[in-house]
Amino acid sequence: MVRRTARQSIRKVKDPGRFSKPGEAPKTRSGKLKDTIRFAEDPGTGNVLVGPVGGSSDVPRLLEYGGTARGMKALRRAAYRTGDWGPVALMPEGKTWPSAQQVYAYDEKNHLTRRWAVRRKLVSEEQADRATRLQNEDLLRFRFVGETYTLEARPYMRPALEESKDDIILKWRNSL
């Protein structure tokens, strides 16, 4: 019930300039936020947990509670050629290299992690192909820009719980 109410409160809009007002449920163009709302039973306690899951994005938390974040800028897909400077290797977790650049990459569990990419002048066609593949498949294609912004809360999970409380109580009243 809570999941359905939360998903229904997030309206899909086509106009990219239409944002929800602070205090209202967020609006979406892609529907990805709706897709992240899941429920699962905690086997240890028997409680049911409901909320956004997946990835390591701060967006659900920022929407629910508000806060400050750094802006991100999309990078276009890379197509490296011989003679360009490009990524040739990702350093293992916790390792750095003097000429490495800090990047964000997805790990094997599809979580966003901070890594170091070694960049070199690409001297062969094979290196250029590898750099293109590494940039387009493994590295996050966004970079942080210096500007920070403050987002006022646009809660959707807490209001969904409040709205569903009476229905939950009625449904489970005589279950024990």
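Here are some short exercises, with worked solutions, on the predicted model shown above.

**Exercise 1. Describe the overall make-up of the chain: how many helices and strands are there, and in what order do they come?**

Step 1. Start by counting elements: the chain has 5 helices and 9 strands.

Step 2. Now follow the sequence from its start, and the pattern reads α-β-β-α-β-β-α-β-β-β-β-α-β-α.

Step 3. Next, look at burial: 28% of the 176 residues count as buried.

Step 4. Finally, turn to the surface, where the chain exposes about 12700 Å² and carbon and sulfur atoms supply 51% of that area.

**Exercise 2. Work out whether Thr28 is buried or exposed, and find what Thr28 is in contact with.**

Step 1. Locate the residue: Thr28 belongs to strand 2, which covers residues 27–28.

Step 2. Compare its relative accessible area with the cut-off: buried means under 20%. Thr28 has a value of 9%, so Thr28 is buried.

Step 3. List the partners, leaving aside neighbours within four places in sequence: Thr28 touches Ile10, Arg11, Lys12 and Val13.

**Exercise 3. Find the nonpolar surface patch that includes Val48, and say where Val48 lies.**

Step 1. The patch is made of Phe39, Val48 and Val50, and together they have about 280 Å² of accessible area.

Step 2. Val48 sits in strand 4, residues 48–52.

Step 3. With a relative accessible area of 53%, Val48 is exposed, since exposed means over 50%.

**Exercise 4. Explore helix 5: where does it bend, which residues are buried, and what covers them?**

Step 1. Helix 5 spans residues 157–172 and bends by about 45° at Ser164.

Step 2. Ser164 is also one of the buried residues of this helix, along with Met157 and Ala160.

Step 3. The cover over these buried residues includes helix 1 (2–9), strand 3 (37–41), strand 4 and helix 3 (59–65).

**Exercise 5. Identify the salt bridges and say which parts of the chain they join.**

Step 1. Recall the idea: side chains of opposite charge can pair when their charged atoms come close. The count here is 2 salt bridges.

Step 2. One joins Glu64 and Arg158, at 2.9 Å from N to O. This pair links distant parts of the chain, with Glu64 in helix 3 and Arg158 in helix 5, 94 residues apart.

Step 3. Check the surroundings of each partner: Glu64 is buried at 5% relative accessible area, whereas Arg158 is partly exposed at 40%.

Step 4. Another joins Lys165 and Glu162, whose closest N and O atoms are 3.2 Å apart. Both lie in helix 5, 3 residues apart, which is about one turn of the helix.

Conventions
Residues are numbered from 1 along each chain as its sequence is written. This is a predicted model: local features need pLDDT of at least 70, side-chain atom pairs count only at pLDDT 80 or more; totals for chains, interfaces and linings use all residues. Side-chain values use heavy atoms; hydrogens and water are left out. Patches are made of residues with over 30% relative accessible area and no salt bridge: like charges are joined within 9 Å, nonpolar side chains (Val, Leu, Ile, Met, Phe, Trp, Tyr) within 5 Å. Accessible areas come from the Shrake-Rupley method with a 1.4 Å probe; for residues, only the protein chains shown count as cover. A salt bridge is a side-chain nitrogen of Lys or Arg within 4 Å of a carboxyl oxygen of Asp or Glu. Helices (H or I, at least four residues) and strands (E, at least two) are DSSP runs, numbered from the N terminus. Buried means under 20% relative accessible area, exposed over 50%, partly exposed in between (1.4 Å probe, protein chains only). Contact means heavy atoms within 4.5 Å. The bend at a residue is the angle between axes fitted to the seven residues ending there and the seven starting there.
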